[in-house]
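Subject: Structure handover

Hello,

Here is the structure for you to open. My notes on the backbone and one pocket follow below.

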Amino acid sequence: MKYTNLPHTNIEVSKICLGTMTWGKQNTEAEGHQQMDYAVDQGINFFDTAELYPIPAHPDRHSVTEKIIGSWFSKNGNRDKIILASKIAGKAEMTKFIRTTGFSRESIVEAVEGSLVRLQTDYIDLYQLHWPERNTNYFGQRGYQHDVSDHWEDNIHQVLETLRDLVREGKIRHVGISNETPWGAMRFLMESKVHANLPRTITIQNPYNLLNRLFEVGLSEISIREKLGLLAYSPLGFGTLSGKYLGGMRPATSRVTLFPQYTRYSNEQAVKATEKYHKLAQDHNLSMAQMALAFVNSRPFVTSNIIGATSMRQLEENIDSINVKLNNEVLQGIEAIHNEIPNPAP
């Protein structure tokens, strides 16, 4: 395994982070425990979860994933070996069963304390806002449509004040954002620069993969210059970059088959690009999944690459991508495809 530091800290994390959002729906508690056991054996010390998980969001499964992680901590007594990240759900139709009060002080405190109980821990190493509370473009929206009545920037100070107080209480250690835009990232950073008593945002968890490299437009410069580390999620684009959906295949237990509403990486242009990446991998005797993951691993703005798997075979292949180094010919091939079909799945 390779390691890096969470920016602005001395906290060392594995370059591969274990994603958990299938545990409690596509994976059982026992399977989640097995994945954590194997990941730790392979040198992974970084887990990412959320109060929303597993997905799709549903009242009957609310926060089951955190409970599975908590039961693993209780069974093994190894909380101190793991750097743990979790998130508060943003405002949305799909999260009304969790709360409707957004990122108010009471909501953030409630969310953190609920996660601590479920995770059976006294602290969370990295606490993140799962997606913006304001109206902006994320989750596959290409363009920004401004709402003149939205003045959410006025809330940023209050949100950071609440998170600061939770840091002081020892309930969280550091703060991150997720699914953010360049404007949002800079506003959070600026607020903590102007007000030195507020916590600095150290990470941003956004989608990044061969089909969606929009992070490189604006956010990558912010990431490098401000040391705002990317925690890249969906590095395989809902599994499409493993090649398992090519030729119209729909494996029975796969996410896109089970949840057909997840179409972000399945449009016509994305399929064309995936076919080209598949051929490139074949031409160089590479696993397509490992090529896609190795590309993400190699980017200078990536602090950690969040992988997820529903089977042990997938997990083993994904973790082993840390040992794959792409040569210049493969990298040039990737750029050629990207130039031909840029960002087909935002």
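A note on classes to start: Ala, Val, Leu, Ile, Met, Phe, Trp, Tyr, Cys and Pro count as nonpolar, Asp, Glu, Lys and Arg as charged, and the others, Gly among them, as polar.

This is a predicted model; local features need pLDDT of at least 70, side-chain atom pairs count only at pLDDT 80 or more, and totals for chains, interfaces and linings use all residues. Residues are numbered from 1 along each chain as its sequence is written, and side-chain values use heavy atoms, with hydrogens and water left out.

Now the pocket. The lining of the second largest pocket has 10 nonpolar, seven polar and three charged residues. (A pocket is an open set of points on a 1 Å grid over the protein atoms alone, where a 1.4 Å probe fits, with protein on both sides within 12 Å along at least five of seven lines; lining residues have an atom within 4 Å of a point.)

Next, the backbone. Most residues other than glycine have a negative phi, and most peptide bonds are trans. Tyr 53 and Pro 54 are joined by a cis peptide bond, with omega about 5 degrees. The bond from Ile 55 to Pro 56 is also cis, and its omega is near -5 degrees.

Two residues have positive phi without being glycine. For His 8, phi is near 65 degrees. For Phe 139, phi is about 55 degrees. His 8 is partly exposed (20% to 50% relative accessible area, 1.4 Å probe, protein chains only; under 20% is buried, over 50% exposed), at 44%. Phe 139 is partly exposed too, at 37%.

Best wishes
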